Amino acid sequence: MNASPPAQAARSTKAPRKVLAGADLRRAVEARARLLGFEAVRITRPDAVPELRDRLVAWLADGHHGEMDWMAERADQRADPATLWPGVRSVVVLGMNYGPEGDPLALLAQRKRGAIAAYAQRRDYHEVVKGKLKELGGYLSAKGDVRVKVFVDTAPVMEKPLAAAAGLGWQGKHTVLVSRDLGNWLLLGAIYTSAELEPDAPEGDHCGSCRRCLDICPTNAFPAPYQLDARRCISYLTIEHVGPIPTEFRAAIGNRIFGCDDCLAVCPWNKFAAVAAEGRMAARADLAAPPLADLARLDDAAFRARFAGTPVKRTGRDRFLRNVLVAIGNSGAPSLADAAEANLSDSSPLVRGMAVWALGRLVAPARLRDLFNARGLGETDDAVRDEWRIALDSDGSGIPGHAAS
Ligand code: B12
Ligand code: SF4
Ligand code: SF4
């Protein structure tokens, strides 16, 4: 948002509006942010993190962003707030708590149900936080007669290091921002402003010798503490990645069908975390542990209806079904084979391929061969044919009529 200064009421008979600045403006913004439901509000300078550029460049050079080309495309602006907007003098960083009610790790044992990351079991935070940021930005603009731009997630802004510089918390070894007062179930947003506001002191690192988040990661996504290789992260694989899930990660994904909370859930600083207070961010009961068999039946219209307004809609139906079928393959529940089988004729090769993989893990070799003869012989998509070949090869007898390649 780019709110312009309010028009001058030149001939108004009202008393002139008092314009706030410095500490007064800061206090007013803090109070308003809390009224709007932000649990944390801190301020930093746009140039507070000089190492930002080098670290981002190194991360991109290592390919750790995977297919998220948008991370590289506007790297200059991402690394330097003043490149994105030369008018910026201060950055107001906001945090909103979305603490889950139960332990997200408990869900992982319910193999016939899907685990959706805590942030996605509720209304899309982009909508909720952005709405509030706009309101706060408008307030700041009017009170201080200054310019503002508000960002949450979608703009080339590095919210975590800015939040750390503003003293809202520190980037833990899992790279996510942890607050001493609120734990790590926090969503971030930022307002860039032309106002000169007194910055807060940065927060120190309080991870110490702990490495719980690194050790629990099911896919070894941390090449080193404080660094994440997104290509190995289940959050990336189930949300951002477009094609079939690489074979090496399928078993480790377990029943996580959208995002992953493992590294966040084990952080000891969550002992201070509270359950989300913001009413619009309340978790939806039907997304807490949805049965995989139900999700595997969703067509496009039903997917949209079920996930409207939540972050889950982001993947679209086919990628979501891909994730559900991986979870079905990991369920160890032959009773879910029917749900997988129903997807062998899906119009999406992505879905058909994962259905084959799931069936390869759930049904006996003879049954798989029958299914191939009935439903797989006519398969035209190369990737799906490969899935059949690998699934059938696991009993050593190969695909009838297909030369092994
Ligand atoms: C791209 C992205 C992802 C990617 C990559 C994640 C990543 N760690 O970069 C994927 C898809 C994997 C992802 C996953 C998740 N995400 Co995300 N994601 C983003 C996004 C859009 C950009 C992050 C970014 O800039 N990454 C680039 C790398 C280079 O930046 P970085 O992580 O800060 O890396 C720093 C460290 O490596 C550090 N560093 C390097 N060496 C060293 C050495 C030392 C000693 C130190 C101290 C630091 C250090 O320097 C780098 C630059 O500061 C932000 C929103 C935003 N615009 O900021 C949300 C954001 C980070 N995501 C968020 C969330 C909630 C998640 C998930 C929890 C969702 C889920 N449950 O599935 C997971 C968490 C996974 C994890 N452990 O990070 C929140 C995090 C809130 C918070 N409290 O920090 C954000 C801020 C969105 C928001 N608006 O609230 N995400
Ligand atoms: S979100 Fe899950 S897969 Fe990604 S780094 Fe954390 S524990 Fe690993
Ligand atoms: S789990 Fe331990 S190492 Fe990881 S962020 Fe929390 S305190 Fe730091």
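User: Ala, Val, Leu, Ile, Met, Phe, Trp, Tyr, Cys and Pro count as nonpolar, Asp, Glu, Lys and Arg as charged, and the others, Gly among them, as polar. How many charged residues does the shell around ligand 3 have?

Analyst: This is a predicted model, in which local features need pLDDT (the predictor's confidence in each residue, from 0 to 100) of at least 70 and side-chain atom pairs count only at 80 or more, while totals for chains, interfaces and linings use all residues. Residues are numbered from 1 along each chain as written, with chains lettered from A and ligands numbered from 1 in written order. Ligand 3 has 13 residues around it (C-beta, placed from the backbone, within 6 Å), of which G172, C207, C210, C213 and C267 come nearest. Besides 8 nonpolar and 2 polar residues, this shell has charged residues numbering 3.

User: Which elements each supply at least two residues of the shell around ligand 2?

Analyst: The surroundings of ligand 2 include H174, C217, C233, I234, S235, C260, D262 and C263, and by class the shell comprises 8 nonpolar, 3 polar and 1 charged residue. With helices (H or I, at least four residues) and strands (E, at least two) taken as DSSP runs numbered from the N terminus, the elements that each supply at least two residues are α9 (234-240) and α11 (262-265).

User: How many residues surround ligand 1?

Analyst: The closest to ligand 1 are A117, E159, L177, S235 and G259, and two or more residues of its shell come from each of α2 (52-61), α7 (159-165), β7 (186-193), α9 and α11. The shell divides into 25 nonpolar, 7 polar and 6 charged residues, and the number surrounding ligand 1 is 38.

User: Which element gives the most to the side of domain 1 that touches domain 2?

Analyst: An automatic or database domain assignment divides the protein chain into domain 1 (1-284) and domain 2 (291-399), whose centres, taken over C-alpha atoms, are 35 Å apart. Their contact (C-beta atoms, placed from the backbone, within 7 Å) takes 21 residues from domain 1 and 25 from domain 2, and the domain 1 side divides into 10 nonpolar, 4 polar and 7 charged residues. On that side two or more residues come from each of α9, α10 (247-253) and β8 (256-258), and the element that gives the most, with 3 residues, is α10.

User: Over residues 1-10, where pLDDT stays under 50, how many contacts beyond four places in sequence does the model have?

Analyst: The protein chain has a mean pLDDT of 92, with 93% of its residues at 70 or more. Over residues 400-405, however, pLDDT is below 50, and that stretch has 2 contacts beyond near neighbours in sequence. Where pLDDT is low, the predicted coordinates should not be read in detail. For residues 1-10, also under 50, the number of contacts beyond four places in sequence is 15.
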